[in-house]
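Got the viewer open? Show the protein as cartoon, the DNA as sticks, and follow along.

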Protein chains: 2
Amino acid sequence: MALRHAVLAALLDEELSGYQLAKVFDLGVANFWHAQPQQLYAELTRLEQDGLVTGREVVQDTRPNKRLFRVTDAGLAELERFTATAAKPSFIRDDLVVKVQAADHVDTETLIAQLAERSAFAQAKIDLFGGLLHTMRGDHTEEEFLRHGERIGPYLTCLRGLAFEQGNRDWCERTATVLRERQGAHVRH
Amino acid sequence: MALRHAVLAALLDEELSGYQLAKVFDLGVANFWHAQPQQLYAELTRLEQDGLVTGREVVQDTRPNKRLFRVTDAGLAELERFTATAAKPSFIRDDLVVKVQAADHVDTETLIAQLAERSAFAQAKIDLFGGLLHTMRGDHTEEEFLRHGERIGPYLTCLRGLAFEQGNRDWCERTATVLRERQGAHVRH
DNA sequence: CCGCTCATGTAACAGGTTACATGATTTA
DNA sequence: TAAATCATGTAACCTGTTACATGAGCGG
């Protein structure tokens, strides 16, 4: 049951509505978890029932009303308890890698196209994360910020997200190149 | 429904029993997917019903009998069809990263211990993958093998797994160092 | 003799995805 | 005027995890 803890962790630094949370979790700005809006609305309801977050209604006249949530003391305690339990190992679970596993038996063109698409997607996230990191550390160098900054958790997780997407991009590029060269070699012969 | 395709991809190069498949998917030797034994037994049953794999009973007297599965022509066609559909983006979903997101609010000692544990786990997989890659390419260099080898799919996915675990290890080490130094600084003051 | 490996499954439950539903406002 | 954004939810469905069950042989 880690979604609830991911939500709690996301709400530590700012008060957010379900909708805002959904953007964070859906567009992958959250490098530490991913979830559908529907999951989040449901989880927020449960978290409030369990007293781990509190919501306050914000009336808006130009937009629909919204509820902003923040973590309670009980929520913080729950996060603390969660942190103390052993972490499960994390695994890759990726459609595209499955397809590459079958590379010797399926159409190469399609694979190369999908690798290129994924690479571009990864690059977009790399750029996004670069900007986020810069915003978080302000005028300081990374070393300075990590040594003396106040809220470094989000920065550290963003670094993980950045490295992950760089790994993604590099592997896609390399794999596409390999497949392209083999294709060329086969045609020539 | 990518588990079935992961199973098909895993069975392309060798005939395996449910039990053997489970080891591949469970111990994480499969860098492209992860699944529980129970999922695999169920999926193999379904795949056989759908005619995408065929099983043959192998009678053993010293061990329980087993069923070895291989991909049928229909199975290959299904993989081909799957490869042609757009790949979903892949996301990090990691307990430990959630905990680091909350680093500024929870106990640091526990976090450092878990980062060290994860780092060691990642290193073990790096060593394992290094050996697997060496076995696959034999006496050739990586470049040679990728240019002229026959079955490069598993090699390419193993490279992805390797890079993923290296990213994991490096981030864990860096994060643990950052947290340790801050801890020291706080104690000194 | 205890625990591990081989070998396969059922059943209950928890977690995640997709489709459907609503409705006002802002932007192209 | 069509599409995107803001804002929240229900319900059905598919996927994944955990617990339970069985039973023989092998190694320490």
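Start by selecting α2(B), which gives the most to the surface near DNA strand C, with three residues. Near means that a heavy atom of the residue lies within 4 Å of the strand, and helices (H or I, at least four residues) and strands (E, at least two) are DSSP runs numbered from the N terminus. This is a predicted model, where local features need pLDDT of at least 70, side-chain atom pairs count only at pLDDT 80 or more, and totals for chains, interfaces and linings use all residues. Residues are numbered from 1 along each chain as its sequence is written, chains are lettered from A and ligands numbered from 1 in the order in which they are written, and side-chain values use heavy atoms, with hydrogens and water left out.

Next, pick out A:T62, B:Y19, B:Q38, B:Q60 and B:R67, which come nearest of the 22 residues around DNA strand C. On the DNA side, sugar and phosphate make up 73% of the strand C atoms that come within 4 Å of the protein.

Now zoom in on some N or O side-chain atoms:
- B:K23 has one 3.1 Å from a phosphate oxygen of DNA strand C.
- B:R93 has one 3.4 Å from a phosphate oxygen of that strand.
- A:Q38 has one 3.5 Å from a base nitrogen of the strand.

Colour by element next: α3 (37-49) of chain A, plus α2 (18-26), α3 (37-49) and β3 (66-71) of chain B, each give two or more residues to this surface.

How values were computed. Polar contact = N/O pair within 3.5 Å; in protein donor to acceptor, adjacent residues only side chain to side chain.
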